[in-house]
Amino acid sequence: VTLLSLLCARSLARTGPVPLGGAHYAQRLVEKRMAMAREGAATLAARLQFACEAAGLAFSLRHEEGDALELLERAAAHHDITVLPRGAWFDQALVLPPGEAEARARRITMPGLLLVAPGFKRPAALHFLHEGDAASGAALKRFLDLQLLRDLPLTITALDVPGAATALADAVALASARGRQVRAGHPLLEADEPAPQMALGATT
């Protein structure tokens, strides 16, 4: 686990228009914001370090300052999953309108990035939609290798595309060989048809 703290220097440096002669005070404000953000990052790192040690997880610490979105894209490209609390992403140490940080976070889309909101509830089961191609097979293998939520039942469903039935059978066999409680899902789905909803606790 890599504990990564990012300070968006560009956001923290924004002060808006200042009156004549106010540049000195604007710079002091920026320095104060940076100090607050660094202190918050250090506090959070200590909490995460304690949590990792308690869970027996190997971890490393990284702190970077610059354009946070560029730094995040670079980090996400080198990790299987990047966990990002939505409310703690943009404009650290600045006051944003309610919901603005979450709205900005929702606009981020990049491969390998998982947004997890504070208070995230542990799911009761997992569903993997297999698109019948090599990319889906590779994604499933990476997920199984991570051994995340391995105690939860896993359903794998395939799209109605050429070779999907074989890909689905292979995927179920792979997950089963990795010790997963797995089953094939509903009959093959059309590519533009959503998966049928099942009530929690329902069995088929």
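**Salt bridges, helix H6 and a surface patch**

Glu 64 has a relative accessible area of 21%, so it counts as partly exposed. That is a narrow call, since anything under 20% would be buried. I should say at once that this is a predicted model.

Glu 64 has a partner. Its side chain forms a salt bridge with Arg 62, and the closest N and O atoms are 2.2 Å apart. Arg 62 is partly exposed as well, with a relative accessible area of 32%.

Some background on the chain before I go on. It has 204 residues, of which 27% count as buried. There are six helices and seven strands. Read from the N terminus, the order of elements is β-α-α-β-α-β-α-β-β-α-β-α-β. Take the contacts between residues at least 6 apart in sequence: 68% of them join residues at least 24 apart. The chain exposes about 13,200 Å², and carbon and sulfur atoms supply 59% of that area.

Back to the salt bridges. How many does the structure hold? There are four. Another one is between the side chains of Arg 38 and Glu 65, with an N to O distance of 2.8 Å. This pair links distant parts of the chain: Arg 38 sits in helix H2, residues 23-55, and Glu 65 in strand E2, residues 60-66, with their positions 27 residues apart in sequence. Arg 38 is partly exposed at a relative accessible area of 40%, and Glu 65 is partly exposed at 33%.

The side chains of Asp 145 and Arg 178 also meet in a salt bridge, at 2.5 Å from N to O. Asp 145 belongs to helix H5 and Arg 178 to the loop between H6 and E7, so this bridge ties together parts that are 33 residues apart in sequence. Asp 145 is partly exposed, at 41% relative accessibility. Arg 178 is partly exposed too, at 28%. The pair is part of something wider: Lys 141, Asp 145 and Arg 178 are joined into one network by salt bridges that share partners.

Now to helix H6 itself, residues 164-177. H6 has 14 residues and spans 20 Å from its first C-alpha to its last, close to the 20 Å expected at 1.5 Å a residue. Which residues of H6 are buried? They are Ala 164, Ala 167, Leu 168, Ala 171, Val 172 and Ala 175. They cover an arc of only 135° around the axis, which means that they lie on the same side of H6. The face turned away from that buried side carries the exposed residues Ala 165, Thr 166 and Ala 177. The cover over the buried residues includes strand E5 (126-130), H5, E6 and strand E7 (182-184). After H6 comes Gly 179, which has a positive phi, near 85°.

One residue from that buried side is a useful close-up. Ala 175, in helix H6, has a relative accessible area of 0% and is therefore buried. Setting aside residues up to four places away in sequence, Ala 175 touches Leu 144, Leu 154, Ile 156, Arg 180 and Val 182. For Leu 144, which is 31 residues away along the chain, the C-alpha to C-alpha separation from Ala 175 is 7.0 Å.

Helix H3, residues 68-76, can be read in a similar way. Its buried residues are Ala 68, Leu 71, Leu 72, Ala 75 and Ala 76. Viewed down the axis of H3, they fall within an arc of 130°, so they line one face of the helix.

Last item, the surface. Where do nonpolar side chains form a patch on the surface? Ile 81, Val 83, Leu 146 and Leu 148 do so, with about 300 Å² of accessible area together. Of these, Leu 148 is in the loop between helix H5 (134-146) and strand E6 (154-158). Leu 148 has 35% relative accessibility, so it counts as partly exposed.

To close, three things to look for on screen. The first is the network of Lys 141, Asp 145 and Arg 178. The second is the buried side of H6, with Ala 175 on it. The third is the nonpolar patch that includes Leu 148.

Conventions. Residues numbered from 1 in each chain as written. Predicted model: local features only at pLDDT ≥ 70, side-chain atom pairs only at ≥ 80, totals over all residues. Heavy atoms only, no water. Patch = residues over 30% accessible without salt bridge, like charges linked within 9 Å, V, L, I, M, F, W, Y side chains within 5 Å. Areas by Shrake-Rupley, 256 points an atom, 1.4 Å probe, with all protein chains shown as cover. Helix = DSSP H or I, 4+ residues; strand = E, 2+ residues; numbered from the N terminus. Buried < 20%, exposed > 50% of the residue type's maximum accessible area, 1.4 Å probe, protein only. Expected span 1.5 Å × (residues − 1). Arc of directions from axis to C-beta. Contact = heavy atoms within 4.5 Å.
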